[in-house]
Amino acid sequence: MNNDPQTAFRDELVRSGLLISMGVDGLFGRSGVFESIVEAVDHYITGIGGGDGAEVMRFPPAISKQVFEESEYLKSFPQLAGTVHSFMGNDRDHQALLSALDRKEDWTTGQKATQIVLTPAACYPVYPTVAKRGPLPAKGALVDVLSYCFRHEPSLEPTRMQLFRMREYIRLGSPEQVQEFRELWIQRGQTMIKEFGLPAAIDVANDPFFGRPGKMLAVNQRDQALKFELLIPVVNPEQPVACLSFNYHKDKFAQNWQLKQESDEFAHTGCVGFGLERITLSLLKHHGLNPAEWPSDVRAKLWP
């Protein structure tokens, strides 16, 4: 029997059929029951924010190499990025690939990068899309987005998947509009998790910036309180997991994509992100692996 709480919970989820092992740490298939919970959580989120007038955008789990470069993601998170490579050779190169396969050698050495990069954050395609329309109206803009995201972070921890879904509301406008939006969603997020019957706490946080310069960026992000997370204990009570995040980017992304307000000043942006798999795993951990046996008040919120 596995005594490590990380792998024990993962093994329990796989044995129950809720998750399907795919032979790589952090990569899973999902069962119908698991998906029904994800869909219920997503529907609940729509119920909270659906009346705010957000424009709905849905993108594939990939962005162009150009947009990825413009995001400056590699400057801060090179360890998490995932690029898409493909075979681009001739007949001779194909024969070399087949020979490598036969010898069970590395056949990927001949692969070359395409113009596609796996989406690291659901909000990234939104900024250039809105920027192309010209200056924002006085009321700013609000966008609802959902996407699979990839981060190269192999782990035995089931809440740290390499491919996961992020639902976001993104606010673009003045500093006041964005900060008001974030405060509203901090309150809404806490209410949501309380109605799900889950323990949680809000705390200031920072992103996993890479290297020495990243340490300073992390300190600055915390000092300016640009990122808050709603933390839920899932596997280890001493290390709760961020299931919701509330982010204020100031004008960073607006400068990257020349996103302006009516005044010709750079817009400010912020977002609230919901980790759909993490919320689902939190529900399974705290209420049990059979949703039919969950507390009636929790079921009523998810399946009204």
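Helices (H or I, at least four residues) and strands (E, at least two) are runs assigned by DSSP and numbered from the N terminus. This is a predicted model, where local features need pLDDT of at least 70, side-chain atom pairs count only at pLDDT 80 or more, and totals for chains, interfaces and linings use all residues. Residues are numbered from 1 along each chain as its sequence is written, and side-chain values use heavy atoms, with hydrogens and water left out.

**View 1. Q258 sits in the loop between helix 9 (252-257) and strand 12 (268-275).** Here's an odd backbone angle to start with: Q258 has a positive phi of about 55°, although it is not a glycine. Q258 counts as partly exposed because its relative accessibility is 48%. For the terms, buried means under 20% relative accessible area, exposed over 50%, and partly exposed in between (1.4 Å probe, protein chains only).

**View 2. E72 lies in the loop between helix 3 (65-71) and helix 4 (73-76).** E72 isn't a glycine either, yet it has a positive phi of about 65°. With 27% relative accessibility, E72 is partly exposed.

**View 3. An open sheet of 3 strands runs in the order 4-6-5, with antiparallel pairing.** The edges are strand 4 (62-64) and strand 5 (83-87), each of which pairs on one side only. Two strands count as paired if DSSP finds at least two bridges between them. On average, neighbouring strands here are turned by 55° against each other, direction ignored. Axes are lines fitted to C-alpha atoms, for helices over the stretch in contact, and angles run from 0 to 180 degrees between N-to-C directions. Strand 4 and strand 6 (residues 111-118) share 3 bridges; look for A62 opposite L118 and I63 partnered with V117. On the other side, 4 bridges tie strand 5 to strand 6, again antiparallel, and F87 has Q111 as its bridge partner.

**View 4. Strand 7 (residues 141-150) is mostly covered, with 9 of its 10 residues buried.** Strand 3 (residues 55-58) runs parallel to strand 7 and is joined to it by 4 bridges, with R58 partnered by L146. Strand 8 (residues 163-173) runs antiparallel to strand 7, and 10 bridges join the two. One pair to find there is C149 opposite F164.

**View 5. S147 is a residue of strand 7.** At 4% relative accessibility, S147 counts as buried. So who's around S147? Leaving aside neighbours within four places in sequence, S147 is in contact (heavy atoms within 4.5 Å) with F59, P60, P61, T119, A122, F164, R165 and M166.

**View 6. Helix 2 (residues 32-49) and helix 7 (residues 175-195) cross at roughly 140°, their axes coming within 11 Å.** That angle makes helix 2 oblique to helix 7: angles under 35 degrees count as roughly parallel, over 145 as roughly antiparallel, 65 to 115 as roughly perpendicular and the rest as oblique. The crossing is right-handed, meaning that the near helix is turned clockwise from the far one by less than a right angle, while anticlockwise would be left-handed. V41, Y44, I45, I48 and G49 of helix 2 meet W185, R188, T191, M192 and E195 of helix 7. The residues of this contact divide into 6 nonpolar, 2 polar and 2 charged. Here Ala, Val, Leu, Ile, Met, Phe, Trp, Tyr, Cys and Pro count as nonpolar, Asp, Glu, Lys and Arg as charged, and the others, Gly among them, as polar.
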